[in-house]
Structures are given as structure tokens and as C-alpha cells.
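Work through the following exercises with the sequence and the coordinates at hand. Each task is followed by a solution in steps.

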Amino acid sequence: MPPARPSRKDAPPRAWQRMLSGRRLDLLDPTPVDVEIGDIAHGLAFVARWNGQTRGDWPYSVAEHSLLVEAILGRLHPAATPAERLTALLHDAPEYVIGDMISPVKAAVGPGYEALDARLAAAVHIRFGLPARTPAPLKRRIKAADKLSAWLEAVELAGFTVSEANRFFGRPAAGVLEGLHLVLRPPAEVRAAYAARHAELLALLDRAS
């Protein structure tokens, strides 16, 4: 007799997500061909930073944060290449499917979250012509820009005092954030801005190669 078909109970859980582009992204084994910038821009524009605990009538999204980190990297390192700036823009791209976890939750979840994030990041990077793994020196520069972004967000939107932000994210060097202020925008506007900046950097990267 033929072997019995596995019951629904025995079937492995679904590990893919259907994206608005029509792609099916396997979260456990993502491939670059299933990564689309439209899906990333849309997803990140609707994912709230700080678990949504920010002032204002709109959430402060991961897409907006990513634009800020890329801009700060440019301030810190004016000679940054298009590839480096694109890497900064995409530094939180996996969150378009796995969401944004605040640092305490990431620490509680442990290495499983980091492994999932790394697999998705590699697929995104390869899709857009970047190294699968970000070189350590660039990773440190992006992390520095990320911490400056977190400081500004904490003070302007998340209810932190300056002294609290200094304690958790480090005191910014004088002038590094001068003139930068956070303005909340509807998700559709942020989505368009993120996609447009991605297109600009990709065009610069293509010209440089």
C-alpha cells in the first residue's frame, strides 16, 4: 500500500510570505530573485520604530529611519561610495518582513533572530549588487550613524531626556546633528521617498561600476 499522506498536523509550517509584488519570499531560505524594492519600501514605510511609542499623528517608520541613517553616514563620511550609502539605506531592510524589534526584545529572542536577519540581509544585498555580508569597517560606520539616529529619535519623538539618550546611545559630537529635525510624514510619502533614494543610489552605483 502507498504510504499515508502526512496530515495537516504533520505538515511543516508555512515559512513564506506572499508579497504585494506577487513574490513568495521564503523566510528560512530567501533568494535574491524574490526581493523587490517596491515590497521593501512599502513594508518599511508601515513598520513603526520604537514599537509605535512616538509622539505625533503618524508613526515614525523604519523607512524614515533608514533615510536618516543614510544621510547621517554621508555627513560623517562625505567620501562614502554609492555602494556604502546604499548599504546604509538597506541596513534594516529585513524588517520589511520580520518587523522591527526593540533592542531588549532582540536580546531576549537571542541568536535565532540574528540568523534570520542575516539570511534576509544577504538576499537583499545580492539582489542590488552589494556584498552578501557588509564588511566590518562599513558595518561599524553604519552602526555609528544608526546610534546617532536613535539619539535624535529618542529625544525628539520617543520621550527620552537628553541625559537618558546620552546614556543609552552616546553623546553626539558637537555639530554632527546640526540642522537635522524629524518631521513625520504619511506612510505613502515615506514609501515614495525611500524608493526614490534607492533608485538614485542604484543609478550612481551602476555608473561607478
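A residue counts as buried under 20% relative accessible area, as exposed over 50% and as partly exposed in between, with a 1.4 Å probe and protein chains only. The model is predicted, so that local features need pLDDT of at least 70 and side-chain atom pairs count only at pLDDT 80 or more, while totals for chains, interfaces and linings use all residues. Residues are numbered from 1 along each chain as its sequence is written, and side-chain values use heavy atoms, with hydrogens and water left out.

**Exercise 1.** Determine whether W50 and N51 are buried, partly exposed or exposed, and describe their backbone.

Solution. W50 is found in the loop between α1 and α2, where helices are DSSP runs of H or I with at least four residues, numbered from the N terminus. Its relative accessible area is 15%, and W50 is therefore buried. Phi of W50 is near 60 degrees, a positive value although the residue is not a glycine. N51 is found in that loop between α1 and α2 as well, and has a positive phi of about 55 degrees, again without being a glycine. With a relative accessible area of 47%, N51 is partly exposed.

**Exercise 2.** Classify the ring pair of W50 and F169, and place it in the fold.

Solution. Rings of Phe, Tyr and Trp (its six-membered ring) pair if their centres lie within 6.5 Å, and planes under 30 degrees apart count as stacked, over 60 as edge-to-face and the rest as tilted. The structure holds five aromatic pairs. In that of W50 and F169 the centres are 6.0 Å apart and the planes stand at 85 degrees, so the pair is edge-to-face. Because W50 lies in the loop between α1 (37-45) and α2, and F169 in helix α8 (residues 162-169), the pair ties together parts that are 119 residues apart in sequence. Both W50 and F169 are buried, and together with F160 and F168 they form one aromatic cluster.

**Exercise 3.** Which charged residues lie over the rings of W16 and F168?

Solution. The criterion is that NZ of Lys or CZ of Arg is within 6 Å of the ring centre and within 35 degrees of the ring normal. Over the face of W16 lies R24, at 4.0 Å from the ring centre. Over the ring of F168 sits the charged end of R167, 5.0 Å from its centre.

Definitions and conventions:
Helix = DSSP H or I, 4+ residues; strand = E, 2+ residues; numbered from the N terminus.
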